[in-house]
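Me: I'd like to learn how to read a ligand site and a closed cavity. Can you walk me through them on an example?

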Amino acid sequence: MSTVKRASLTREYTFSEPTTLLNRKEKKQVSWQHEYKSSVSNFEELCDLLNIRLDQLPISLSSHNQFPLRVPKSYIQRMEKSNPNDPLLLQILPIINEQQIVKGFTKDPVGDLQSIKSTGLLQKYEGRALLLATSRCAIHCRYCFRRHFPYSEQNPRHDAWQQALNELENDTSIHEVILSGGDPLVLSDSQLKSLVKKIEAIRHIKRLRIHTRLPVVIPNRICDEMLDWITHTNLKIIVVLHINHAQEINQEFIIKIQQLAKTQCTLLNQSVLLKNINDNSTCLINLSEALFANKILPYYLHTLDKVEGAAHFDVSETRARKLMQEIANQLPGYMVPKLVKEMPGQAAKSLISY
Ligand SMILES: *Cc1c(COP(=O)(O)O)cnc(C)c1O
Ligand code: SF4
């Protein structure tokens, strides 16, 4: 039985300003687009910023060539210096383990390729369709189930959304559009604004859901232009963030997410259960507490999709159940995410009971 040290919670939630890599004056002027472009994509720079020697990390160039290192500086600032096992670092570092061939781990584990309705539009579930708005992401998460997805073929450019929009228009059973990708917030606010207008014009669509990690990894992405289109739409907006560890929630993020919360959108979070990153009850409890403190409800805790190259992140279902039992015993029900797994061909995400 693991016991949660409540004392440590108090410390964790009095967030202090992180030591900045950029000086304060510079930071004020930096736009999210600049932060996006200046994401770190080489090992030397990463090591410099973290005060780690290259030879302390089990990096692999083959892994990097398959799915390149990419991480915004703001996210690096939240990593612990000189710690090769930092839980945020482990999420983005291309390592040797990714090269292991493990039975059962495939290139399209969730059956996305079978669910394509038209270019860039996936539908697996009743009433909601998922638009692959872009293939790009601000951060490359090593466990990503889309790391092998043939985006170049399924990537409607913003001027080529028409086919997907027609499809949505013609199917009156769809009431919710999910913007996904990649990360839809990589698109500019003017692109998003015009897309949202077109979706809004389809009478049977009531809700717009945005699946994004950008506000977490580059909090400046929540800017006036974005708040403007979110505020001025008739669609119910649901933002589903992707945060795996309480350490990802820093002061910079808190300030920005408060601005987003003021628009009255619904804020949810989904996490992936990842070995050596968040697979202990203290960590999951701290995450739920930190989310709720910022008006974000824990929605899903996904077991790992069995994607090739990510087997070293896998947590067994038995262990996942045990962890859920532990956190459910210690948290109010609304802070307990649903443990789910994606099974190709099912009518919904499959709940794992515990
Ligand atoms: C996960 C997913 C959804 C959303 O499912 P919810 O249970 O409503 O969160 C919708 N479409 C696809 C293709 C998905 O993979
Ligand atoms: S942000 Fe999401 S889509 Fe992009 S790499 Fe990470 S998990 Fe995958």
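Reply: We'll take the ligand site, then the cavity, in this predicted model.

Me: Which residues are around ligand 1?

Reply: Start with the list of neighbours. Around ligand 1 you'll find K124, Y125, R128, L130, I178, R209, Y299, Y300, E342 and K349. By class, that shell has 5 nonpolar, no polar and 5 charged residues.

Me: Which strands each supply at least two residues of the shell?

Reply: Map the neighbours onto the fold. Strand 2 (121–125), strand 3 (128–132) and strand 8 (297–302) each do that.

Me: What about polar side-chain atoms and the oxygen atoms of ligand 1?

Reply: Look at the distances here. R128 has a polar side-chain atom 2.6 Å from a ligand 1 oxygen, and a polar side-chain atom of Y300 also lies 2.6 Å from an oxygen of the ligand. For K349, a side-chain N or O atom is 3.0 Å from a ligand 1 oxygen. As for cover, ligand 1 has 380 Å² of accessible area on its own, and the protein covers 92% of it.

Me: Where does ligand 1 sit?

Reply: In the largest pocket.

Me: And how many cavities of 30 Å³ or more does the structure hold?

Reply: Just 1, and the space in the largest cavity is about 80 Å³.

Me: What lines the largest cavity?

Reply: Read a lining as you would a shell. Its residues include N269, S271, L284, L287, Y299 and Y300. Strand 7 (266–272), helix 13 (281–293) and strand 8 each give two or more residues to this lining. By class, the lining has 9 nonpolar, 3 polar and no charged residues.

Key: Residues are numbered from 1 along each chain as its sequence is written. Chains are lettered from A and ligands numbered from 1 in the order in which they are written. This is a predicted model: local features need pLDDT of at least 70, side-chain atom pairs count only at pLDDT 80 or more; totals for chains, interfaces and linings use all residues. Side-chain values use heavy atoms; hydrogens and water are left out. A residue is near a molecule or strand if one of its heavy atoms lies within 4 Å of it. A polar contact is a pair of N or O atoms within 3.5 Å; within protein, one must be able to donate a hydrogen and the other to accept it, and residues adjacent in sequence count only if both atoms are side-chain atoms. Accessible areas come from the Shrake-Rupley method with a 1.4 Å probe; for residues, only the protein chains shown count as cover. On a 1 Å grid over the protein atoms alone, a cavity is a set of points where a 1.4 Å probe fits but cannot get out, and a pocket is an open set with protein on both sides within 12 Å along at least five of seven lines; lining residues have an atom within 4 Å of a point. A molecule sits in a cavity or pocket if more than half of its atoms lie within 2 Å of its grid points. Helices (H or I, at least four residues) and strands (E, at least two) are DSSP runs, numbered from the N terminus. Ala, Val, Leu, Ile, Met, Phe, Trp, Tyr, Cys and Pro count as nonpolar, Asp, Glu, Lys and Arg as charged, and the others, Gly among them, as polar. Grid points are joined across faces, edges and corners, and a volume is the space filled by probe spheres set on the points.
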